[in-house]
Amino acid sequence: MYLETEKKQELFANHGRLKAKTDTGSPESQVALFTYRITHLTEHLKTHKKDHSTRKGLLKLVGKRRKLLDYLMKNDIERYRATIADLGIRK
């Protein structure tokens, strides 16, 4: 599989709120995980242009990430700005 346990733990340790391998529930770590999956699916769709089921899954992931980012923006704008800057997501 493209996303192994070590890679997930690295994502959570680098981008989570607590900066721990077990910080899987914070919005920052979830956004980091979704961003990694989105970039992977985007690369896949560049070569397989007619893979519509993957495109639908990609759009669902983008929507989930947007909802989490909206939650962060509503509750703590500084955490939102830090997450956007850290992951290089444009708004």
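These legends go with close-up views of a predicted model.

**View 1. The largest pocket and its lining.**
Here we're looking at the pocket with a volume of about 180 Å³, the largest one. Two helices each give two or more residues to its lining: H2, covering 27–47, and H3, covering 52–75. H3 has the largest share, with 4 residues. Going through the lining by number, you pass Thr35, Thr39, Val62, Arg65, Arg66 and Leu69, then Leu87, Gly88, Ile89 and Arg90. By chemistry that's a mixed bag: 4 nonpolar, 3 polar and 3 charged residues.

**View 2. Arg66 of the pocket lining and its salt bridge to Asp70.**
Staying with the pocket, pick out Arg66, one of the lining residues. The arginine 66 side chain pairs up with aspartate 70 in a salt bridge, and the closest N and O atoms sit 3.3 Å apart. Both residues belong to helix H3, where 4 residues, or about one turn of the helix, separate them. Neither partner is tucked away completely: arginine 66 is partly exposed at 25% relative accessible area, and aspartate 70 is partly exposed too, at 34%.

**View 3. A salt bridge within helix H1, glutamate 10 to lysine 7.**
This is another of the 5 salt bridges found in a search of the whole structure. The N to O distance between the side chains of lysine 7 and glutamate 10 is 3.8 Å. Helix H1 runs over residues 5–15, and the two partners are 3 residues apart in it, so about one helical turn lies between them. Glutamate 10 comes out as partly exposed, with 41% relative accessibility. Lysine 7 also counts as partly exposed, at 28%.

**View 4. A salt bridge from helix H2 to helix H4, glutamate 28 to arginine 79.**
In this view the side chains of glutamate 28 and arginine 79 meet with an N to O distance of 2.5 Å. The pair ties together distant parts of the chain, with glutamate 28 in H2 and arginine 79 in H4 (residues 77–87), 51 residues apart. Glutamate 28 has just 6% relative accessibility, so it counts as buried. Leucine 72 is worth showing here as well, since its contacts include both Glu28 and Arg79. Beyond its neighbours within four places in sequence, leucine 72 also touches Pro27, Ile77, Tyr80 and Thr83.

**View 5. The largest nonpolar core, 8 residues in all.**
The members are Val31, Ala32, Leu69, Leu72, Tyr80, Ile84, Leu87 and Ile89. Helices H2, H3 and H4 each supply two or more of them, and H4 gives the most, with 3 residues. Apart from this core lies another one, of 6 residues, with Phe34, Leu41, Leu45 and Leu61 among them. Leu69, Leu87 and Ile89 of the 8-residue core also turn up in the lining of the largest pocket.

**View 6. Valine 31 and its surroundings.**
Now zoom in on one core residue, valine 31, which sits in helix H2. How buried or exposed is valine 31? Its relative accessible area is 0%, so valine 31 is buried. Leaving out residues up to four places away in sequence, valine 31 touches Arg65, Leu68, Leu69, Thr83, Leu87 and Ile89. Histidine 15 can be marked for scale: valine 31 is 16 residues from it in sequence and 8.7 Å away in space, C-alpha to C-alpha.

Notes. Residues are numbered from 1 along each chain as its sequence is written. This is a predicted model: local features need pLDDT of at least 70, side-chain atom pairs count only at pLDDT 80 or more; totals for chains, interfaces and linings use all residues. Side-chain values use heavy atoms; hydrogens and water are left out. On a 1 Å grid over the protein atoms alone, a cavity is a set of points where a 1.4 Å probe fits but cannot get out, and a pocket is an open set with protein on both sides within 12 Å along at least five of seven lines; lining residues have an atom within 4 Å of a point. Grid points are joined across faces, edges and corners, and a volume is the space filled by probe spheres set on the points. Ala, Val, Leu, Ile, Met, Phe, Trp, Tyr, Cys and Pro count as nonpolar, Asp, Glu, Lys and Arg as charged, and the others, Gly among them, as polar. A salt bridge is a side-chain nitrogen of Lys or Arg within 4 Å of a carboxyl oxygen of Asp or Glu. Buried means under 20% relative accessible area, exposed over 50%, partly exposed in between (1.4 Å probe, protein chains only). A nonpolar core is a set of buried Ala, Val, Leu, Ile, Met, Phe, Trp, Tyr and Cys residues joined through side-chain atoms within 4.5 Å. Contact means heavy atoms within 4.5 Å.
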